[in-house]
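Take a slow turn around this model before reading on. The paragraphs below move from one pocket to the whole chain, then to its sheets and a few single residues.

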Amino acid sequence: MKTFTEIIILKPHPQILKEAGFSISKKIKFDINAREKLQFWTQNNCVMIKQTQNNNTFWQEHTFILELNQNIGFNALLKKLNELGYRKTFFVKTPLEYAIRGSIIDIFAINYVNPIRIDFFGNKVNQINFIEKSITANFDNFEEYISFDQNFLKSLKPGDYIVHLDHGIGVFQGFETIKANKYYVIGYAHNDRLLVPLDKIDKLTPYIGFTKPKISRLGGSLWLKSRKKAKENILKFAAELLKLYANRSISRRSLYLPDDSLFNDFEAQFEYPLTPSQQKTLNQIKYELENNSQPIEHIICGDVGFGKTEIAFRIAFKAIVNNFQVCLIAPTTILADQHFNLAKERFKKMPVNIGLLSRAISKKNQTQTLQLLKEGKIDFIIGTHRLLSNDVFFKNLGLLIIDEEQKFGVRQKEKLKKMKSSLDVLALSATPIPRTLNLCLAGIKNISIINDPPQGRQPIQTIIQPFSWKIVKTAINNELRRQGQIFFLHNRIISIIKPYAKLKQLFPKARIDIIHSKLPEKVLLNKIHRFRNGKIDIMLATTIIQNGLDLKNANTLIVENSLKLGLADLHQLRGRIGRSDKKAFAYFLYPTKQLKDNAVLRLNYLKEYSQLGDGYKLALKDLEIRGAGNILGKEQSGVINRIGFNLYYEMLSRAIEHLKSTNL
């Protein structure tokens, strides 16, 4: 693919074609020769078109310029393409077509030889590529067509679930050739079979869901009922989201003041220099706050331990300096407690009052904190879901920070935003929701990536092997010899005492303790504090440790059965170690009897993406393997199970566009 910094999309209007040297008295076919001529004319007249657009409504209406890094709404571009006369298809085959796949838009413009691929990141144009393949209107060579579209159909294996738009969910059974024509063979209930010719594959999408789907029967009513019910649910859900976004889009707050000497002092107190991507992220968010009165919605994606929290603290202090209260919500008591202690240390030289609210706090202290918060005497409140309770009130809340954003469902996040329509929202995530969902559901206007590892940080060595106590003994002894600490993960509370007994037998002198979600929160926090202070050598735990814990002396992780966890979960667990300049080791072990194809694939990806900054790539791979996770909440997950994620996303996008157009 060849990358460009800008492209100009033309509408097939007689005046433009005449300008380009075509005889408009003749019928023009947009074959490769005509497109070559138009592309040459476009390149030669690029400056003229850009200048003329500024003061000529004709050129504004009949041409569109798209530039690299341009901020443009994803849906705004789709609307513009429709206005220019381009037709939406599943795959672009001929001029005047465009197709959507997640955050990618393929456009077959009349004035370019090859289709254009636009890759969005949030609402920003991330890449503009011309696909280096000679494309004509006829796709006689099917293999070329598949490689051009990079479509999922190329990697289908017999037994994979697949969705036919008209007939529902079936099982791909392979290919069949009849009279020199090749067909996809899809199996349905009661041994029904459907043959799909290659020129009808735009009806097919992969099935991505959370559970084993119910297979449809050809000619039955199940699929039609499922689509109808899904459409009703999606329209309702889309209306809820649009109502909230409409309120936020017309809300305004005062512009933030530029940095003052107090803020500069706060920045200078940080002991490490910011990495380039940290600094870029900070500058982006500052610019939004100082130059845009519409409330921001910004997500920071950064791998575990890459410094998202420091950026969040700086933006929090900027909000406080501008007389706003700040709320930081975390998914677990452990993480909220860690943020609270870190914030107290980070802000100790600043005139900032910090509070903590979670169910681990005594009722008396909760009541006192709530009163101080309501009176505006707490500047920065940190807590768990307890902050969502109906008895929580603020005097002047201005900034909401959501840590581990992927752990909160859509409705939970929307409830937080309803606290105040002009609320600025900053979300942090190490394993972000894939871009397709960011664009459609999260309402995010800007996304920043922190992809530079801190100085001295080393990649974590990832070991994937069948489980044996011999491996465990060697790994733990190696860590204890260098006076380090170990996480040992066993994810079943009911049987956690068994590995505890074995560890006590193997390491009689080691200090071993257990943590899991059933422990009282005060007991849980006490054990974490003891581990942090070096009073525990081996922490036997469930996945309660996976979110955000920052313990620099813990540099060996052993996961007893990696097959029970998703790829993003395993990567989050790996992020609990390797947070210093010491070499860290992650052992992802598994019982060989349970090893299946998807498990092998997931573990191989975990080893492949073990470099610093690979978290985002893993999040996308996890979507491919397991589906979209539970980020939409239980109700929406049920809809996805019935029709598949790809069709759900397509229907939701259409519902949002329909509601927008009818409400204009």
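How do the residues of the lining of the second largest pocket divide into nonpolar, polar and charged? The lining has 15 nonpolar, 17 polar and 17 charged residues. Keep in mind that this is a predicted model. The second largest pocket has a volume of about 1,400 Å³. Its lining is made of 49 residues. Nearest the centre lie Phe270, Tyr272, Leu342, Asp550 and Lys552. Several helices take part in this lining. Helix 9, helix 10 (308-321), helix 11 (333-346) and helix 17 (521-532) each give at least two residues to it. Helix 11 supplies the largest share, eight residues.

Now step back to the whole protein. It has 22 helices and 26 strands. Of its 664 residues, 55% are buried. Look also at which parts of the chain meet. Take the contacts between residues at least 6 apart in sequence: 72% of them join residues at least 24 apart.

Next, the sheets. Find the open sheet of seven strands. The strand order is 16-17-15-18-19-14-20, and the pairing is parallel. Which strands stand at the edges? They are strand 16 (354-357) and strand 20 (446-450). Each has a single partner strand, so one side of each is left without a neighbour in the sheet. Neighbouring strands here are turned by 20° against each other on average, direction ignored.

Stay at the strand 20 edge. Strand 14 (residues 297-302) pairs with strand 20 in the parallel sense, over five bridges. Within this pair, Cys301 stands opposite Ile449 of strand 20. Helix 9 (residues 276-291) packs on the sheet. This helix touches strand 14, strand 19 (424-429) and strand 20. The direction of helix 9 makes about 160° with that of strand 20. Helix 9 also appeared above, among the helices that supply residues to the pocket lining.

Strand 19 holds a residue worth a closer look. Asp424 lies in this strand. Is Asp424 buried or exposed? Asp424 is buried, because its relative accessible area is 0%, and buried means under 20%. What does Asp424 contact beyond its neighbours within four places in sequence? The list includes Arg253, Tyr256 and Leu289. It also takes in Gln294, Pro295 and Ile296, and then Gly398, Leu399 and Leu400.

Move to another open sheet, one of five strands. Its order is 12-11-10-9-13, and its pairing is antiparallel. Strand 12 (193-197) and strand 13 (204-206) stand at the edges. Each has a single partner strand, so one side of each lacks a neighbour in the sheet. From one strand to the next, the twist averages 45°. Follow strand 13 to its partner. Strand 9 (residues 161-164) pairs with strand 13 in the antiparallel sense, over three bridges. One bridge partnership joins Val163 to Thr205 of strand 13.

Strand 22 (residues 485-489) comes next. How many of its five residues are buried? The count is five of the five, so strand 22 is largely enclosed by the rest of the structure. Both of its faces are covered. On one side sit Gln485, Phe487 and Leu489, and on the other Ile486 and Phe488, all buried. Strand 22 also has partners. Strand 25 (residues 554-559) pairs with strand 22 in the parallel sense over five bridges. There, Gln485 has Ala554 as its bridge partner. Strand 24 (residues 538-541) also pairs with strand 22 in the parallel sense, over four bridges. There, Phe487 has Met539 as its bridge partner.

End with one residue from another strand. Tyr98 is placed in strand 5 (residues 97-101). Tyr98 counts as buried because its relative accessibility is 3%. Leave out residues up to four places away in sequence, and Tyr98 touches, among others, Leu78, Leu81, Asn82 and Tyr86. The contacts of Tyr98 also include Ile105, Asp106 and Ile107. Now locate Pro115. Tyr98 and Pro115 are 17 residues apart in sequence. In space, they are 9.0 Å apart, C-alpha to C-alpha.

Key
Residues are numbered from 1 along each chain as its sequence is written. This is a predicted model: local features need pLDDT of at least 70, side-chain atom pairs count only at pLDDT 80 or more; totals for chains, interfaces and linings use all residues. Side-chain values use heavy atoms; hydrogens and water are left out. Two strands pair if DSSP finds at least two bridges between them. Axes are lines fitted to C-alpha atoms, for helices over the stretch in contact, and angles run from 0 to 180 degrees between N-to-C directions. Contact means heavy atoms within 4.5 Å. Buried means under 20% relative accessible area, exposed over 50%, partly exposed in between (1.4 Å probe, protein chains only). On a 1 Å grid over the protein atoms alone, a cavity is a set of points where a 1.4 Å probe fits but cannot get out, and a pocket is an open set with protein on both sides within 12 Å along at least five of seven lines; lining residues have an atom within 4 Å of a point. Grid points are joined across faces, edges and corners, and a volume is the space filled by probe spheres set on the points. Ala, Val, Leu, Ile, Met, Phe, Trp, Tyr, Cys and Pro count as nonpolar, Asp, Glu, Lys and Arg as charged, and the others, Gly among them, as polar.
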